[in-house]
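Subject: Structure for you to look at

Hello,

I am passing on the structure we spoke about. Please have a look at the model first; my notes follow beneath.

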Amino acid sequence: MNLKTIILLMLLPMSLSAQQTITLEECWSNARKKMPVLQNLQALDQLDSLEQLILKTNYLPKLNANAQATWQSDVTSVEIPMPGFSIDEPSKEQYKATIEINQLIWDGGRTRALRQNKQIETALTKAETEDAFFSVKQRVTSLYFALILSQKQLELTQQLISTLDKKLNELDAAVTQGVVREAGKHVLQAEKLQAEQDLSGQKFQAKAVADMLNVLTGLNIQYSDSLVSPNARVPETVKRHQLTIYELQQDAAVSMADVLQKNRMPVFNAFAQAGYGKPGLNMLKNEADSWIMAGAGVSWNIFDWKKTNRQKQQLKVQRQMVDHSREQFLQQVNIEQQKYLAEMEQYRAALVKDEEIIELREKITRDYSSQLKQGTVTSSAYIEELFKEQAAKISQQIHEIKLNQAQVSLQILLEK
């Protein structure tokens with residue numbers, strides 16, 4: 001065993017270990033993690049938590065401090081003379097400072113309805129954010145299968161080069177013996193060079209596809225890595241995030257109608273006030289004094305000129321629009337589903353014929369190969385049949401990949 005062989009054997013395990021095995025699910029998972037917009041999901045949860053805490057403060061007492069000083073051009077005075085009794089005229093300069101506390105007793109369920117509405121809005125925004133991954137998932141899938149197809153083309157081109165190289169070795173003896181002319185050998189050499197040139201171009205193309213896939217997934221996929229053909233798991237019914245969006249849009253409209261209804265309810269509250277000023281609560285006493293006041297109140301918008309009813313009508317129309325959008329979406333999904341099902345049937349039927357065609361093409365090529373060695377056919381005739389066999393194998397590979405891609409595309413169309 002020479003030194004070159006030993007070095008090659010030593011490098012072989014290294015090259016094998018460097019090759020990765022990549023799955024489509026792995027690409028999907030990494031593409032999802034890499035999408036900047038999906039990072040907003042955690043932020044949306046934080047925003048919802050903060051919004052809930054803000055709304056809960058409606059139940060807490062509210063403390064306010066107020067102060068004012070005024071001068072007025074006239075004051076209330078009693079000008080009726082009363083024997084033995086006099087009332088001082090209030091001062092035109094007045095001031096007061098108060099501290100007031102208000103406590104909500106009952107708001108008709110308004111705060112609870114608002115909290116529920118905010119939760120639905122957050123869920124809706126999250127569903128819309130999740131749905132943004134659908135187009136990325138389709139793009140990743142398209143590139144994944146494009147890379148598989150490129151690898152198959154590389155494999156078949158390498159097989160073609162190997163076949164031509166083997167045939168050239170066979171023709172050497174035939175040319176020496178004068179059975180085949182030198183020009184016949186040159187034809188095969190030219191086709192081999194062309195195949196090598198095609199191989200180089202195919203490698204660049206495969207690398208470009210792998211690089212685009214890496215941009216979306218953040219992985220380091222090489223065009224020579226082993227890509228596993230995915231096993232499609234097609235759901236029986238449509239489970240897309242878009243349906244969740246429509247449901248949440250309906251829920252949001254119902255929730256907002258509840259908020260509008262709760263806004264019409266009376267609001268009860270209690271309050272207490274402590275103050276100091278001139279004059280105090282006794283207006284007839286023209287001096288500074290302190291005071292305390294406590295009580296309860298109610299506010300109720302009894303008549304709003306049908307504003308709430310009209311707003312509810314708007315929400316009803318919005319819900320009808322959501323229903324129509326949902327029907328349109330399901331119709332479009334059904335059209336796409338039928339298209340993929342038809343493609344799957346087409347490729348299955350084509351693969352049955354591919355097997356028969358390849359079997360016949362291989363027989364023809366072997367026959368022409370034998371005749372070429374005997375000098376009864378030209379190299380050009382052999383090359384033509386060899387390329388026909390090559391084209392049949394490429395067609396089979398394309399049909400297999402396209403069938404698998406149609407199955408996975410149908411899965412993506414229906415699943416979340």
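Helix α6 covers residues 182-217, 36 residues in total. From its first C-alpha to its last, α6 reaches 52 Å, close to the 52 Å expected at 1.5 Å a residue. Please keep in mind that this is a predicted model. After α6 comes glycine 218, which has a positive phi, near 75°.

One residue of α6 that I looked at is lysine 203. Its relative accessible area is 31%, so lysine 203 counts as partly exposed, given that this class lies between the 20% limit for buried and the 50% limit for exposed. Lysine 203 and serine 150 are separated by 53 residues in sequence, while their C-alpha atoms are 8.0 Å apart in space.

Next, a helix pair. The axes of α4 (residues 110-131) and α7 (residues 241-263) come within 9 Å and cross at roughly 160°. That angle makes α4 roughly antiparallel to α7, because angles over 145 degrees are classed that way. The crossing of these two helices is left-handed. Sorted by class, the contact of α4 with α7 has 11 nonpolar, eight polar and eight charged residues.

Then the sheet. Four strands make up an open sheet, in the order β2-β3-β5-β6, with antiparallel pairing. Its edge strands are β2 (62-71) and β6 (289-299), each of which pairs on one side only. From one strand to the next, the twist averages 20°.

Taking the pairings in sheet order:

- β2 with β3: 10 bridges join these antiparallel strands. Asparagine 64 has glutamate 100 in β3 as its bridge partner.
- β3 with β5: β3 (residues 93-106) and β5 (residues 267-278) run antiparallel and are joined by 11 bridges. Leucine 104 has asparagine 269 in β5 as its bridge partner, and tryptophan 106 has phenylalanine 268.
- β5 with β6: the pairing is antiparallel, over 11 bridges. Here glycine 277 stands opposite aspartate 289 in β6.

How many of the 10 residues of β2 are buried? The count is zero, and the strand is hardly covered.

Is phenylalanine 268, in strand β5, buried, exposed or partly exposed? Phenylalanine 268 has a relative accessibility of 36%, so it counts as partly exposed. From threonine 125 it is 143 residues away in sequence, and the C-alpha to C-alpha distance between the two is 34 Å.

If you go through the sheet strand by strand, one general point may help: in a regular strand, side chains alternate between the two faces of the sheet.

To look at the model in the order of these notes, you could start with α6 and the glycine 218 that follows it, go on to the crossing of α4 and α7, and finish with the open sheet of four strands.

Regards

Technical notes:
Residues are numbered from 1 along each chain as its sequence is written. This is a predicted model: local features need pLDDT of at least 70, side-chain atom pairs count only at pLDDT 80 or more; totals for chains, interfaces and linings use all residues. Side-chain values use heavy atoms; hydrogens and water are left out. Axes are lines fitted to C-alpha atoms, for helices over the stretch in contact, and angles run from 0 to 180 degrees between N-to-C directions. Angles under 35 degrees count as roughly parallel, over 145 as roughly antiparallel, 65 to 115 as roughly perpendicular and the rest as oblique. A crossing is left-handed if the near helix is turned anticlockwise from the far one by less than a right angle, and right-handed if clockwise. Ala, Val, Leu, Ile, Met, Phe, Trp, Tyr, Cys and Pro count as nonpolar, Asp, Glu, Lys and Arg as charged, and the others, Gly among them, as polar. Two strands pair if DSSP finds at least two bridges between them. The expected span of a helix is 1.5 Å times one less than its number of residues. Buried means under 20% relative accessible area, exposed over 50%, partly exposed in between (1.4 Å probe, protein chains only).
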